[in-house]
Amino acid sequence: MPAREADKQLHSGYRPSRPESAGYTEEQHQQVAAYRERLLDLGVQVTTHPFWKSVERGLVVAARIQLKHVDDVPPADKAA
């Protein structure tokens, strides 16, 4: 991204600015693409897993939301 300078701050002479960004390297672009591909693959694996056929049709969305939060509460044997 190009360098930029913001407007002067109210009641101050300070003008926030950002230096020019070098951007991503080719290696970083490739790594981000690999992460996105992996994330897409994992998402497909989770949403098409045979387990979801065993969940009552009206409860699938609630079950998927609950799965997202499975690590929010520590297991009972580890609670202090």
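Here are some questions and answers on the salt bridges and one unusual backbone angle of this structure.

This is a predicted model, in which local features need pLDDT of at least 70 and side-chain atom pairs count only at pLDDT 80 or more, while totals for chains, interfaces and linings use all residues. Residues are numbered from 1 along each chain as its sequence is written, and side-chain values use heavy atoms, leaving out hydrogens and water.

Q: How many salt bridges does the structure hold?
A: Side chains of opposite charge can pair when their charged atoms come close. A salt bridge here is a side-chain nitrogen of Lys or Arg within 4 Å of a carboxyl oxygen of Asp or Glu. The structure's total is two.

Q: Which residue meets arginine 15 in a salt bridge?
A: Arginine 15 is partly exposed (from 20% to 50% relative accessible area; buried is under 20%, exposed over 50%, with a 1.4 Å probe and protein chains only), at 41%. The N to O distance is 2.5 Å, and the partner is glutamate 5.

Q: Where do aspartate 41 and arginine 38 lie?
A: Their side chains meet in a salt bridge at 3.8 Å, N to O. Aspartate 41 is partly exposed at 35%, and arginine 38 is partly exposed at 48%. Helices are DSSP runs of H or I with at least four residues, and strands are E runs of at least two, numbered from the N terminus. Because they are three residues apart, about one helical turn separates the two, and both lie in helix H1 (residues 26–47).

Q: What is the phi of histidine 11?
A: Histidine 11 lies in the loop between E1 and E2 and is exposed, at 76% relative accessible area. Although histidine 11 is not a glycine, its phi is positive, at about 60°.
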